[in-house]
Amino acid sequence: MLKLKKKANIIYFLLLTTFLTGCILAKKKPSANADQTVQINEGKAGKEADEKAAPSHPLADSLQSDTLRAKAVGDSIAFHTDSLRTDSLRIDSLAKTSDIQTTVTYIAQDSTIKDIDGKMVHLYGNAEVSYGTINLKAYYIRLNWVDNEIYAEGRYDSTSKKMEGEPVFQDGPETYNTKEIRYNFKSRKGLIRGVVTQQGEGNIRGDKVKKDEEGNMYIQGSIYTTCTMEHPHFHINAPKIKLVEGKQKQVVSGPFNLVISDVPLPLGLPFGFFPFPKQREIGTSGIIVPSYGEEPNGRGFFLRDGGYYFAISERFNAIITGQIYSTGSWGIGARSTYIKRYRHSGLFDFKYNRNRSGDEIDKMFGKDVRNDFSLNWSHTPVQRGSSSFSANVQMSSGNFNQFNSMDLNKVTQNAASSSVQYNKTFGQYARASASFRVNQNFGQINPETQRRENGKTNASTNFNFGINQIAPFALNGGRGRWYESFRFGMDFNGSYTVNNALTPIDTSYERLKFKIQNEIDTNRVGKTQVVPFNMDNLSLLLGEGQFTGRYSIPISLPNFKILRFINLTPNVSFQGEVFTRSYNYEYVGNNTIHIDTVNRVGTQYSYSFGTSMNTRFYGLFHFKGRRLNAIRHTVIPNVAFTYTPDFSGERYGFEQKVQINEKGDYRYLSRFQGIGSGGVGGSRASGNISFGLNNSLEMKLRAKSDTASEQFEKRMLLDNFGLTGSYNLLADSLNLSNISVNANTRLGNKLSLNLNMNFDPYAYEEIRGSTTGRKINQFAITKGQGLANMQNLNLGLSTSFSPEKKKKNTEQNQAKTGASEEQLEFIDRNPDLYVDFEIPWNVNLNYVFGVSKPGLSNAQLIQTLGVTGDLSLTPKWKISMQTGLDFTAMKPSITTLSIYRDLHCWDMSISWTPFAGSSYRGGNYMFTLKAKSSILQDLKLTRRRSVLDQGGF
């Protein structure tokens, strides 16, 4: 028994020794290449758990009463503090606890060494520590659990003679590249040496940085730059910078100056303020610095385009700018862009300038003050639902572009058009729309005043309501019966038009055979009177405005086949017009008529019926050539007949029978069309035969490959060649209309050709005072004037050349860009503001030849050649040119030469216009050197001589 008891004691002692040795080894021998996770709980719940736990081993005191769970990889040994709490000793509840609130995860590629006595962990080789939103990577990292502190640094590689593994500290979305960092988890304060942090489009670098608990950074020996090079090409040098964290991140700087290529410049300010947008914002509100300069013979010295930018939201922003000149001129502008994804996007731009001339001659004649305005508004909807609203407005005063625009194309622009439209559909059949349109012609430049004169403006409102054609006998799809193709619809549209080019009044006795008693504006007799489109003439313009409504009910009858190949389509149409005023005539004697205007609604209608026929036939010509196999000729003739009854006379109420002279002669005068504009009767009967003939040529080629000898390819020789015309069977003279000829095709894969001609089949005779002559009711061929008189001809040839492979690569690169949707839309609207260095070269040629010869007048020729192109000399140099030649005047058209240079973080451009059609616009140039970053958009050097520098005020 004694021996057995001794043996039991020995076994018990060996087991106890083995257990304690295992615990000590688990604590003393951590594994290399270990990924450790330490979870430290804080607060009341944690303390209560410790107090209720069983007494722990004395080694647990070194763990500061925290619960430690380690996950070992490789040959490491995992242990839990719960397994140590089997001793009778209790943990002191007053022992110091860690202030770390969450999980700390760390990993090291080389080794992980734990110092139990010093309460530290040393990580070597690609070490990484994660704590909440904080992540730190470096070659060496030291964790101190007593002081809640982390320290990291890189190491010097003697082989490459460079530092490697330098700390990269990430706090949420912010990343800091450093040389050495010390950070406290409890106070959230840090001390950094050699920091580089990205802020917006630029980066801030500093020698020594202090980080406070609110995330603000105080940087000494700092620089700010948008250059991404390790040694930047330029930077803003500031001894002290404060990076302020918050809802709107800001950088505040003390005195600073600009340094370019390590050369400090005397350009600086006593303080600086740089706001930075957050990732989801489109910008930051701030001041826009104006440009300054002088217009030698114009408005004098100026401060131009200064103001404030309002970053209202991600969907909407606004810019307010102004300008002022030493002669007293001033201007103001408002610009805004907006976007709603999947709904719409738009741009609104309004400018107003009050220009005062410094020219003494203008002051003498009272022309020294002029008010100019410009309104641009584009609204593009995304098609969805049953309604859409769109706008494309380009309105301005006649001389705004000439004297206020910096764009040479706008300076030479002579016309503009605007429209605002709203469309709505109601179910499957009904539709409605409304629009407002303005067409402007700015007139021609007066050589003496150098100003545009006699500009014309036409403003109109239009609305439309219609019913799409319905097949009443096939509402459920139909069964193929002939009468099921019967269809009808309805369309009503109205317009109100105001025009400052007042219609000429022709009340001559020679035309009317009677005299008018009413007072006539002599300024409009026989000529168009142009009055300024302004508020002073508003009552006159509205009085001349005319509302016109038009309605129609088209009816499509069933189609028929004749001889299997001819399509016959009968049709019936009812149409009319609605007027808001009518005229009443009274003979007052002495061959004179008095006209009264009655403001009441009236209508004039007509109806017509007819039929149309069309077919298609082919001609095939075979060849025995090596490649050419056949040519196919396609002919598409069409003929239509339309009959409209006679609606003249008093029986319909559209005309009034009026005595015109003392002899008792009578005439029928229109109740709705003014006499001065030519309306002296209602519509007469007409029987029109319209005809057309379209042709196309296509060739069939054998494939070049010998292995595919039976394969063919098709190529178009002539896309279309056609002619159209009509003949009125019931007209008393000039029955045949003009003949129109048009053709278009592509020659090869590059050259496009378009041809349009118009021929008059009737002869002309000379008449005194007219260069055109007068058309007579005899064909031109009977008078020896040829088969027909060519009225006009227009021929256009265009082609472009560029490397196809490079073009495809460019499209792929554009698809991979990380630009925002707003930026891409701005680029699409302003392609001329961006230079694509990816395209090696590009050339576009455009040739236009035109002849205009109405009647017997002399032919007027137009012949121009336009050339545009660009060439990338190197990946950083690009040259572009726009020019042309007017063969009639034997002078070059507007010629612009531009050179671009990509200087990494800078852009340089030179633009020169050696010729622009006149000495007034010629000789323009502009040199610009600017930083690419939008936040430093005012950091630029500009020198220019533009059209505005020529004065003209």
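Two strands count as paired if DSSP finds at least two bridges between them. In this predicted model, strand 55 and strand 56 (residues 877–886) meet that description with nine bridges, running in the antiparallel sense. The two strands form a hairpin with four residues between them, and Ser-872 has Lys-878 of strand 56 as its bridge partner. Strand 55 (residues 860–872) is also joined to strand 54 (residues 841–852), by twelve bridges and again antiparallel. Here Val-851 is found opposite Leu-861 of strand 55. As general background, strands of a sheet pair through backbone hydrogen bonds, either parallel or antiparallel.

A good residue to visit next is Ser-898, which belongs to strand 58 (residues 895–903). Ser-898 has a relative accessible area of 8% and is therefore buried, since buried means under 20%. Setting aside neighbours within four places in sequence, the contacts of Ser-898 are Lys-878, Ile-879, Ser-880, Ile-910 and Ser-911. With Ser-911 there is also a polar contact between the side chains, at 3.5 Å.

A further sheet can be found elsewhere in the chain. This open sheet has three strands, in the order 35-41-40, with mixed pairing. Strand 35 (515–516) and strand 40 (582–589) each have a single partner strand and stand at the edges, so one side of each is left without a neighbour in the sheet. Strand 35 runs parallel to strand 41 (residues 592–598), and two bridges join them. Within this pairing, Ile-516 stands opposite Ile-593 of strand 41.

Turning to the nonpolar interior, the largest core comprises 40 residues, and those with the most contacts inside it are Leu-123, Val-129, Ile-141, Leu-143, Ile-150 and Met-217. Another core lies apart from it and has eleven residues, including Leu-512, Tyr-585, Ile-593 and Val-658. In the largest core, Ile-150 is one of the residues with the most contacts. Not counting residues up to four places away in sequence, Ile-150 touches Val-129, Leu-136, Ile-141, Arg-142, Leu-143, Ile-181, Arg-182, Tyr-183 and Phe-185.

Aromatic rings offer another way to explore the model, which holds 24 aromatic pairs. The ring centres of Phe-463 and Phe-492 are 5.8 Å apart and the planes stand at 40°, so this pair is tilted. Phe-463 comes from strand 32 (residues 456–470) and Phe-492 from strand 33 (residues 487–499), so the pair ties together parts that are 29 residues apart in sequence. Phe-463 is partly exposed, at a relative accessible area of 37%, and Phe-492 is likewise partly exposed, at 24%. The rings of Phe-473 and Phe-486 form a tilted pair too, because their planes are at 50°, with centres 6.0 Å apart. Phe-473 and Phe-486 both lie in the loop between strand 32 and strand 33, so their pair ties together parts that are 13 residues apart in sequence. Phe-486 is partly exposed, with a relative accessible area of 22%. Beyond these examples, ring pairs link Tyr-551, Phe-574, Tyr-605, Tyr-607, Phe-647, Tyr-652 and Phe-654 into a cluster.

Finally, a word on confidence. The protein has a mean pLDDT of 77, with 76% of its residues reaching 70 or more. Over residues 21–97 the pLDDT stays under 50, and for this stretch the model has 119 contacts beyond four places in sequence. The pLDDT is also below 50 over residues 805–818, a stretch with ten contacts in the model beyond near neighbours in sequence.

How values were computed: Residues are numbered from 1 along each chain as its sequence is written. This is a predicted model: local features need pLDDT of at least 70, side-chain atom pairs count only at pLDDT 80 or more; totals for chains, interfaces and linings use all residues. Side-chain values use heavy atoms; hydrogens and water are left out. Buried means under 20% relative accessible area, exposed over 50%, partly exposed in between (1.4 Å probe, protein chains only). A polar contact is a pair of N or O atoms within 3.5 Å; within protein, one must be able to donate a hydrogen and the other to accept it, and residues adjacent in sequence count only if both atoms are side-chain atoms. Contact means heavy atoms within 4.5 Å. pLDDT is the predictor's confidence in each residue, from 0 to 100. A nonpolar core is a set of buried Ala, Val, Leu, Ile, Met, Phe, Trp, Tyr and Cys residues joined through side-chain atoms within 4.5 Å. Rings of Phe, Tyr and Trp (its six-membered ring) pair if their centres lie within 6.5 Å; planes under 30 degrees apart count as stacked, over 60 as edge-to-face and the rest as tilted.
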